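Okay, thanks everyone for squeezing me in. I'd like to walk you through a structure, so let me put it up on the screen and we'll go from there.

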Amino acid sequence: MVAECVDCRLAYQTPRPSQEAFIAYMNWRWSSAGGYVTDNPQQRDVARRQMAIVSARHPSPGHLLDFGAGSGTFVKAALDAGWQAAGVEHSPVALQKASDDCGVNLSMDVPDGWFDVITLWDVIEHLKDPLPLLTRLNGCLKPGGTLIVETGNYESWMRIAQGDQWGLYLLDHHYYFSPASLEETLHRAGFVDFQLLPAKSVRPRWRGLLRRPLKAVRSWRIWKEARRTWLDHAGMHEMIAAVRRPS
């Protein structure tokens, strides 16, 4: 079940899975035959797009940490782009996959040192208690350094349209953020200058829906109302935000 805080509208899973269940699920996911795990070309394409986001904010390579590095594809892309890159991952299966597939050795804990950029690509929703971890990562950034966070958008029209079948309702997702609740969480962790980065807007596929008139009308109404309510971000299925450590 997903509940919602009345004051800040942060949504969260309740009851939450145990840490043992969480790790077991992650290991199962990284050892499965699903496309998310086995489609290496797609993962490399995603990593290149993510690297372009980082490079747009930091044209000169520096020190980078990818927290929740999965199979290491993004860390490999950062290394190839000239960054001194490291990654943190807690799934033993993913750690082995990173070594086997990418030749990347990830760590299970944050390494020593200060970083110019720290990234969390689809990670913050997995954290059982994100605030202490985000505060710690703040302290790992150089003054003025950048944190980039990608996560699902709870205020997406797709979440409303799909209801209980929303694709981001997963066992290992503890939290579901809106732009406002994500900004508040990051500010509480000591970050400043929250910025929601431009993202491709996901629109209803009207041509396919025309074969199902009732669904087409419902999708159109949800899209229109969501756009009216959340003009700037209703079309974002996933959102990418950047903040920085104060100088």
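Let's begin with Pro15, which sits in the loop between strand S2 (11-13) and helix H1 (19-30). Before I go on, keep in mind that this is a predicted model. What I like about this loop is the peptide bond from Thr14 to Pro15: it's cis, with omega near -5°. Most peptide bonds are trans, and most residues other than glycine have a negative phi.

That second point brings me to two aspartates. Asp122 is not a glycine, yet its phi is positive, about 55°. You'll find Asp122 in the loop between S5 and H6. Is Asp122 buried or partly exposed? Its relative accessibility is 24%, so it counts as partly exposed. The other one is Asp193, again not a glycine and again with a positive phi, about 60°. Asp193 is placed in strand S8, and with a relative accessible area of 46% it is partly exposed.

While we're on that strand, have a look at Val192. Val192 belongs to S8, which covers residues 192-196. At 27% relative accessibility, Val192 is partly exposed. And what does Val192 touch, if we don't count residues up to four places away in sequence? The answer is His187, Val243, Arg244 and Pro246. Take Pro246: it is 54 residues from Val192 in sequence, but C-alpha to C-alpha the two are 6.4 Å apart.

Now the helices. Zoom in on helix H3 (residues 40-57) and helix H4 (residues 73-80): their axes come within 9 Å and cross at roughly 55°. That angle is why H3 is called oblique to H4. The crossing of H3 past H4 is right-handed. Which residues make the contact? From H3 we have Gln43, Arg44, Ala47, Gln50, Met51 and Val54, and from H4 we have Thr73, Phe74, Ala77 and Ala78. By type, the residues of this contact split into six nonpolar, three polar and one charged.

On to the inside of the protein. The largest nonpolar core has 29 residues. The ones with the most contacts inside that core are Phe67, Ile118, Leu120, Leu147, Leu182 and Leu186. Which elements supply at least two residues each? Here's the list: strand S3 (63-67), strand S5 (115-121), helix H6 (130-140), strand S6 (141-152), helix H8 (179-188) and strand S9 (238-244). H6 gives the largest share, four residues.

Let me zoom in on Ile118. Setting aside neighbours within four places in sequence, Ile118 is in contact with Leu65, Leu137, Cys140, Leu141, Thr146, Leu147 and Ile148. There's also another core, apart from the largest one, with 22 residues; Met51, Ala98, Leu197 and Ile240 are among them. If Met51 rings a bell, that's because we just met it on the H3 side of the contact with H4.

Two more residues and then I'm done. Leu106 is in the loop between helix H5 (92-102) and S5. Loop or not, Leu106 counts as buried, at 15% relative accessibility. Again leaving out neighbours within four places, Leu106 contacts Ala69, Gly70, Gly72, Val75, Gly87, Glu89, Leu95 and Ala98. Ala98 is one we've come across already, in the 22-residue core. As for His90, its C-alpha is 9.3 Å from that of Leu106, with their positions 16 residues apart in sequence.

Last up is Tyr154, in the loop between S6 and helix H7 (157-162). Buried or exposed? Buried, at 6% relative accessibility. Beyond its neighbours within four places in sequence, Tyr154 is in contact with Val2, Glu4, Arg9, Ala11, Arg159, Trp166, Tyr169, Tyr176, Phe177 and Ser178. Then there's Ser18, which is 136 residues from Tyr154 along the chain, and there the C-alpha atoms are separated by 23 Å.

Okay, that's my tour. Happy to rotate the view if anyone wants another look.

Note on methods: Residues numbered from 1 in each chain as written. Predicted model: local features only at pLDDT ≥ 70, side-chain atom pairs only at ≥ 80, totals over all residues. Heavy atoms only, no water. Axes fitted to C-alpha atoms, helices over the stretch in contact; angles between N-to-C directions. Parallel < 35°, antiparallel > 145°, perpendicular 65-115°, else oblique. Left-handed = near helix turned anticlockwise from the far one by under 90°. Contact = heavy atoms within 4.5 Å. Nonpolar A, V, L, I, M, F, W, Y, C, P; charged D, E, K, R; others polar. Core = buried A, V, L, I, M, F, W, Y, C linked by side-chain atoms within 4.5 Å. Buried < 20%, exposed > 50% of the residue type's maximum accessible area, 1.4 Å probe, protein only.
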